[in-house]
Amino acid sequence: QKAETKEEFVKVRRRDLERLTTEVMQLRDFLPKIINGDILGTFQKLDAIESNMEKKEEEIEELKMDCEHFRARLETAQADCMREKKEKLDLRQQLNEAKQQLLQQAEYCTEMGAAVCTLLWGVSSNEEAVKTLLGGSKAVKFFTITAQTMESFVKSLSEDMKQQDLDSDENQFVLALAGIVTNVAALACGREFLVSSSRELLDTMMHLLGDLKPGVCTKFKVLMLMSLYNVSINLRGLKYISENPGFIPLLWWLLN
């Protein structure tokens with residue numbers, strides 16, 4: 001037997017049916033357009049995202065390259081810094097060695113100067129030897145250096161110095177120089193030479209007598225006073241010394 005089927009019917013007004021039909025037709029026309037537009041927009045967004053990702057990857061690669069570049073520069077700078085440190089250490093060592101050599105040379109020159117001038121001090125007590133000395137081409141230069149050496153020696157003395165090491169080469173050096181000047185000034189030709197050609201030495205001795213404190217370098221001061229006294233025997237020498245405005249009061253103070 002065949003099963004009987006029952007068909008159900010719904011009453012719809014013609015106007016509603018027509019409107020429904022119209023809406024279905026409109027959906028059939030517009031739905032593909034809407035769906036296609038959304039898909040297209042999605043693809044465009046996806047392309048934009050992929051493009052941005054590619055740019056970001058490129059930027060990351062550039063940053064990596066920059067990082068490698070800066071790392072290489074840092075390593076180079078560190079190497080340069082280490083090299084400069086080594087060079088500075090080498091230069092400092094060379095400087096210390098040069099200072100040591102200079103100190104040794106200065107000590108040698110002082111020892112040699114003390115020895116030679118001590119010998120010359122003894123020789124200068126001979127009149128003929130003094131005439132020979134003054135007749136040489138380096139006589140003026142010798143007394144100029146003598147003035148400079150005396151001044152440097154006094155400047156090197158410490159402020160709180162109470163006693164001078166009489167056995168030191170420096171002390172013996174300046175004592176010998178002062179002794180030579182004293183012996184030269186003891187002769188008429190020597191006095192004339194000092195007044196005419198070595199007034200810088202006379203000025204230096206008068207100045208140093210005022211700078212030296214009481215009780216310091218007494219023998220040195222005595223030799224300078226003896227030299228100035230010998231020079232004052234010469235009329236021109238006496239006039240030159242007396243024209244120094246501060247020397248007479250200084251001399252009076254020293255004698256007292």
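Guide: A residue counts as buried when its relative accessible area is under 20%. Keep that cut-off in mind as we look at this predicted model.

Visitor: Glad to. What share of the 256 residues of the protein chain count as buried?

Guide: In the protein chain, 25% of the 256 residues do.

Visitor: And how many helices and strands does the protein chain have?

Guide: The protein chain has nine helices and zero strands. Read from the N terminus, the order of elements is α-α-α-α-α-α-α-α-α.

Visitor: What share of the contacts with a separation of 6 or more comes from residues 24 or more positions apart?

Guide: In the protein chain, such residues account for 73% of those contacts. Ala114 gives you an example to look at. Ala114 sits in helix 1, which spans residues 14-123, and its relative accessibility is 5%, so Ala114 counts as buried. Ala114 and Asp169 are 55 residues apart in sequence, yet their C-alpha atoms are 5.8 Å apart in space. Leaving out residues up to four places away in sequence, Ala114 touches Asp169, Gln172 and Phe173.

Visitor: Now to helix packing. How are two packed helices described?

Guide: Two values do the job: the angle between the axes and the distance between them. Take helix 3 (residues 139-156) and helix 4 (residues 169-185), which pack at about 135° with their axes 10 Å apart. That angle makes helix 3 oblique to helix 4.

Visitor: Is the crossing of helix 3 and helix 4 left-handed or right-handed?

Guide: Helix 3 crosses helix 4 in a left-handed way. On the helix 3 side, the contact is made by Phe142, Phe143, Thr146, Thr149, Met150 and Phe153. Helix 4 brings several residues to the contact, among them Phe173, Val174, Leu177 and Val181. By class, the residues of this contact divide into eleven nonpolar, three polar and one charged.

Visitor: Why do residues three or four places apart point the same way?

Guide: An α-helix has 3.6 residues a turn, so positions with that spacing face the same way. You can look for this spacing in the helix 3 list, where Phe142, Thr146, Thr149 and Phe153 are among the contact residues.

Visitor: Could we try another pair? At what angle do the axes of helix 6 and helix 8 cross?

Guide: The axes of helix 6 (residues 199-211) and helix 8 (residues 235-242) cross at roughly 45° and come within 11 Å. Helix 6 is therefore oblique to helix 8. The crossing of these two helices is right-handed. Helix 6 takes part through Arg199, Leu202, Asp203 and Met206, and helix 8 through Arg236, Tyr240 and Ile241. The residues of this contact divide into four nonpolar, no polar and three charged.

Visitor: I would like to read the aromatic rings too. How many aromatic pairs are there?

Guide: Rings pair if their centres lie within 6.5 Å, and planes over 60 degrees apart count as edge-to-face. By this rule there are three aromatic pairs. One of them joins Phe142 and Phe143: the ring centres are 5.2 Å apart and the planes are at 75°, so this pair is edge-to-face. Phe142 is partly exposed because its relative accessibility is 21%, whereas Phe143, at 1%, counts as buried.

Visitor: And how far apart are the ring centres of Phe153 and Phe220?

Guide: Those centres are 6.1 Å apart, with the planes at 85°, so Phe153 and Phe220 are also edge-to-face. The pair links distant parts of the chain, with Phe153 in helix 3 and Phe220 in helix 7 (residues 218-232), 67 residues apart. Phe153 is buried at 8% relative accessible area, and Phe220 is buried at 1%.

Visitor: Which residues do ring pairs link into a cluster?

Guide: The cluster is made of Phe142, Phe143 and Phe193. Phe193 belongs to helix 5 (residues 188-197), where Gly190, Arg191, Phe193, Leu194 and Val195 are buried. The buried residues of helix 5 pack against helix 2 (127-135), helix 3, helix 4, helix 6, helix 7 and helix 8.

Visitor: Is Asn230 buried or exposed?

Guide: Asn230, which lies in helix 7, is buried, with a relative accessible area of 13%. Setting aside neighbours within four places in sequence, Asn230 is in contact with Thr182, Ala185, Ala186 and Arg191.

Methods
Residues are numbered from 1 along each chain as its sequence is written. This is a predicted model: local features need pLDDT of at least 70, side-chain atom pairs count only at pLDDT 80 or more; totals for chains, interfaces and linings use all residues. Side-chain values use heavy atoms; hydrogens and water are left out. Axes are lines fitted to C-alpha atoms, for helices over the stretch in contact, and angles run from 0 to 180 degrees between N-to-C directions. Helices (H or I, at least four residues) and strands (E, at least two) are DSSP runs, numbered from the N terminus. Angles under 35 degrees count as roughly parallel, over 145 as roughly antiparallel, 65 to 115 as roughly perpendicular and the rest as oblique. A crossing is left-handed if the near helix is turned anticlockwise from the far one by less than a right angle, and right-handed if clockwise. Contact means heavy atoms within 4.5 Å. Ala, Val, Leu, Ile, Met, Phe, Trp, Tyr, Cys and Pro count as nonpolar, Asp, Glu, Lys and Arg as charged, and the others, Gly among them, as polar. Rings of Phe, Tyr and Trp (its six-membered ring) pair if their centres lie within 6.5 Å; planes under 30 degrees apart count as stacked, over 60 as edge-to-face and the rest as tilted. Buried means under 20% relative accessible area, exposed over 50%, partly exposed in between (1.4 Å probe, protein chains only).
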